Amino acid sequence: MRPDAGIRRTGASGEIIKGLPRFAMAFQPIADTMSGCVFAQEVLVRGRDGEAGACVIDKVPQSRRALFESLCRQRALEAIKEIGLDDIRISLNVSPESVLDPEFGILETIRVARTLGLHERQLILEFSEKQKTADIRAIRELIIPFRKRGMMVALDDFGAGYNGIQTLIELKPDMVKFDMGLINRIDTCEMQQTVISSLAEACSRLDIIVVAEGVETLSQARMLQSMGIALMQGHLFARPTVGQLPVPAADVMARLM
Ligand SMILES: [Ca+2]
C-alpha cells in the first residue's frame, strides 16, 4: 500500500494535504436549452484564490496526480451530498492516465459515491486526453459494469488535443463534449457550421449525446440549437462557482426556449 493510502478520507476542504496544493471545488451547469433544466453539474478544480484548475494541477507532482484527482472527485461528491441534491447528475473529470490506478482510479471514486449513497446513474465521467498515453480498451472494459448501471461516459474537449474521431470510435462514449475551439465562431463561420452540423448528425445516428462547451453568446446558442444541439455549457449560462451549484441564467434560458 502506498504511504498516501488512507489520507484521502481525512481533512477539511482546502486543507494542505502533505504537500499538495490548496484547492476548492467549483461547479458549472450543463444547461438543457430545450427543456430549461440543468442536465448535470460539472465539477471543476480551482485554487483557493480562484486560480484555474490547470495551474493547480501543474503544482502536483506527476507521481501524485492520481491521488490528487481522486481527492478532488471525493470532495465534489461530498459537497453534492452536503448540499442535499440526491437526484442531480454530477460530471467528473478523469484523466485517462489515472483512471486505471489501482488505489486512486475510478473504482475508488465509485466506492466513495456508493458510500455517500449516490447511484451510478448520477455519474458522468469526462475523459480528456492531453497526451496519447491511455489504454482506451482497458478503460472501456473496466467501466462496463458501471455503465450497465447507468453511469455515462463523456469524451471531453472533442476536437482538441488527442480527443478526436479515433478516440470516439474506441471509447464508444454516451456523450461528446465539443471543445469551445470548434464552436467559438459557429454563428458566423460557415466552415464551423458545416463541420459541427455534420458531427452532430453523426453523433445522433450513433445515439451519442452532444454538449457544446464554451458557449458565450445568444447567437452561438441559437445556431447550435438549429443544429439540434440542446445541451450547452459556458459563461452565457453560468460561470464556474466555488462551493455552490449555479443555475443557468433565467433570462438567457427564457430567450432560448
Ligand atoms: Ca470537462
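**Confidence and local packing in the predicted model**

Across this predicted model, the pLDDT averages 89 for the protein, and 91% of the residues score at least 70. One stretch deserves care from the outset: over residues 1-15 the pLDDT is below 50, although beyond near neighbours in sequence this stretch has 17 contacts in the model. Where pLDDT is low, the predicted coordinates should not be read in detail.

A good place to begin is strand S6, which covers residues 175-178. Met-175 and Lys-177 point one way from this strand, Val-176 and Phe-178 point the other way, and all are buried. Strand S5, residues 152-158, pairs with S6 in the parallel sense over 3 bridges. Within this part of the fold, Ala-154 stands opposite Met-175 in S6. Between S5 and S6 the chain passes through helix H7 (residues 165-171), and the resulting β-α-β crossover is right-handed. S6 also runs parallel to S7, to which 4 bridges join it. Here the bridge partner of Val-176 is Val-210 in S7.

Strand S7 (209-212) comes up again in the surroundings of helix H10. Helix H10 spans residues 218-226, and its buried residues are Gln-220, Ala-221, Met-223 and Leu-224. These residues lie on the same side of H10, because they cover an arc of only 165° around the axis. Ser-219 and Ser-226, by contrast, are exposed on the other side of H10. What do the buried residues of H10 pack against? Their partners are helix H8 (180-183), helix H9 (190-205), strand S7, strand S8 (231-232) and helix H11 (250-256). After H10 comes Gly-228, a residue whose phi is positive, near 85°.

Elsewhere in the chain, helix H2 (residues 65-83) contains Ala-76. Is Ala-76 buried or exposed? Counting neighbours settles the matter: a residue is classed as buried if 20 or more other C-beta atoms lie within 10 Å of its own. Ala-76 has 25 other C-beta atoms within 10 Å, and it is therefore buried. Which residues does Ala-76 contact, once its neighbours within four places in sequence are left aside? The answer is Met-25, Val-43, Ile-90 and Leu-92. Asp-207, on the other hand, is 131 residues from Ala-76 in sequence, and the two are 29 Å apart in space, C-alpha to C-alpha.

How values were computed. Residues numbered from 1 in each chain as written. Predicted model: local features only at pLDDT ≥ 70, side-chain atom pairs only at ≥ 80, totals over all residues. Buried ≥ 20, exposed ≤ 12 C-beta atoms within 10 Å, placed from the backbone. Helix = DSSP H or I, 4+ residues; strand = E, 2+ residues; numbered from the N terminus. Arc of directions from axis to C-beta. Contact = placed C-beta atoms within 7 Å. Pairing = 2+ DSSP bridges. Right-handed = clockwise from strand over helix to strand, strands pointing away. pLDDT = per-residue confidence, 0-100.
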